[in-house]
Amino acid sequence: MFFENSFWAKGGSKGPYVIMILMLPREVYIKRRIVLGLMAAFLLLSLIFGVRLTTNKIQTWQKHSALTEISGYLKAGQVLFDSLLERGVSREAANELVAVVAKVLDLTKLKVNDNYTIYIDTQGEIQKFIYSKSAIDQYFVIRDEQGNLSAFVPAIYPERREIVKEFTIKSSLFGAMKEPGEEDALVFLFVDIFAWDIDFFTYPRVGDKIKIYFEKYYHNGEFVEYGRILAAEYDGREKFQAVYFEPDGKRGAYYHLDGSPAAKMFLKSPLKFTGRITSLFGSRVDPITSQHGTHRGVDFASYYGAPIVATAGGVVERAGWGGAYGNLIILRHANGYSTSYGHCSKLLARRGQRISQGEIIAKVGSTGHSTGPHCHYEVRLNSVASNPLRFKQPTVNPLKGKELAAFKRLSQEVWPKLGKIS
Ligand SMILES: [Zn+2]
């Protein structure tokens, strides 16, 4: 009904206009005809153009609103191709997609729980694909108007914020940092700074204080990841302090305020967090034979299978059965030092193998002369056993001259920020 009315209204309005033209002189009439012709042409063009624009808009809108979103994530040991098939993508489509995304994404470096979203049109064709390692590490694939898929990495610039926080240990290190809303990743970053000074499983006491000046990255107002810890302090029975510094042309590292590196030749413990000292170095009563003797190492008790790491870089001198020591690994280090790790359930290094500091070399067990899962850890200098918790270890590469001066300037600027808790 509406259409009919408007049609007649239009037609009706034309009548008096035509009559008016007929009454005009001939020249004016021709001019009017040209003008009218141009107007008509313009109207026609704009009508066609307008309709086309609208049609395109509608088609695009329909295309996008009709896209079906399918989300997926990588399971342990799963490759992207299999994950796509599992989400209902055809072999052919999965092949095409994987080949294109591989141009910007290293498919051998995908991680469990990486997630992705596939956008499929009504014909079942993939129009868009987003692979997301994190909110700022993403890989896009889109289908262009010619029907070809192309991949690109969108430029995302996360916002960097500098934050200072203080934590007090009430029960555990993890608990202290997680309560005010920080994540485990920050604890790991912190522990790595002082791994040469502090055995974090045995040293912390209730009431110890931690101060950290660190970077956090945000995208669209949401926390994405931690950057670097710029300065940190552990205040317990002793104070440990460190500032991050990059000497000219060298890799950055943490240094104590006097310019000595936080990194030392030996880590404090062969077990990262999970250890409890059950037997100290020195004379003791043997738990099995009940005889008095000397314990030449320290026993770190932990759960069966806990990873044991090399406390210093070196070469595997021995890896095998060590009698009372059970499965044993002995590492030879520079300057006449050696370390040994006994009672292991599993050995993960071979004789002659070069090992770096912190590398996992074995798993905790209770083999040999042992009453429960633990790692018997020894440090020897020229074959003489020393107390792993007390021995004075050599300092490596302290800052000197210009580097030391540059570090002092930086730490004078950075250190006071730790006092300004946000
Ligand atoms: Zn022992």
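Rings of Phe, Tyr and Trp are taken as a pair if their centres lie within 6.5 Å, and a pair with planes over 60 degrees apart is called edge-to-face. Applied to this predicted model, the rule gives a count of 22 aromatic pairs.

A good place to start is the pair made by Phe174 and Phe188. Their ring centres are 5.7 Å apart and their planes meet at 70°, which is over 60 degrees, so the pair is edge-to-face. This contact joins distant parts of the chain, since Phe174 belongs to helix α5 (residues 173-178) and Phe188 to helix α6, with their positions 14 residues apart in the numbering. Phe174 has a relative accessible area of 24% and is therefore partly exposed. Phe188, with a relative accessible area of 37%, is likewise partly exposed.

Another edge-to-face pair is formed by Tyr218 and Phe223, with 6.0 Å from centre to centre and 70° between the planes. Here the two partners can be told apart by their accessibility. Tyr218 has a relative accessible area of 11%, under the 20% cut-off, and so is buried. Phe223, at 27%, counts as partly exposed. The ring of Phe223 also has a charged neighbour, as Lys216 lies over its face at 5.0 Å from the ring centre. A similar arrangement is found at Tyr119, where Lys128 lies over the face of the ring, 4.6 Å from its centre.

Aromatic residues also come together in a bigger group: Phe190, Phe194, Phe200, Tyr203, Tyr234 and Phe240 make up one aromatic cluster.

Attention now turns to the pockets. The largest pocket has a volume of about 670 Å³. Its lining consists of 23 residues, and those nearest the centre are Arg251, Gly252, Ala253, Tyr254 and Ala263. Three elements, α6 (184-193), β8 (222-235) and β10 (253-255), each contribute at least two residues to this lining. By class, the lining residues of the largest pocket comprise 15 nonpolar, three polar and five charged.

The second largest pocket has a volume of about 510 Å³. It is lined by 24 residues, with Trp196, Asp197, Glu238, Lys268 and Leu389 closest to its centre. The lining of this second pocket divides into eleven nonpolar, three polar and ten charged residues.

Note on methods:
Residues are numbered from 1 along each chain as its sequence is written. This is a predicted model: local features need pLDDT of at least 70, side-chain atom pairs count only at pLDDT 80 or more; totals for chains, interfaces and linings use all residues. Side-chain values use heavy atoms; hydrogens and water are left out. On a 1 Å grid over the protein atoms alone, a cavity is a set of points where a 1.4 Å probe fits but cannot get out, and a pocket is an open set with protein on both sides within 12 Å along at least five of seven lines; lining residues have an atom within 4 Å of a point. Grid points are joined across faces, edges and corners, and a volume is the space filled by probe spheres set on the points. Helices (H or I, at least four residues) and strands (E, at least two) are DSSP runs, numbered from the N terminus. Ala, Val, Leu, Ile, Met, Phe, Trp, Tyr, Cys and Pro count as nonpolar, Asp, Glu, Lys and Arg as charged, and the others, Gly among them, as polar. Rings of Phe, Tyr and Trp (its six-membered ring) pair if their centres lie within 6.5 Å; planes under 30 degrees apart count as stacked, over 60 as edge-to-face and the rest as tilted. Buried means under 20% relative accessible area, exposed over 50%, partly exposed in between (1.4 Å probe, protein chains only). A charge sits over a ring if NZ of Lys or CZ of Arg is within 6 Å of the ring centre and within 35 degrees of the ring normal.
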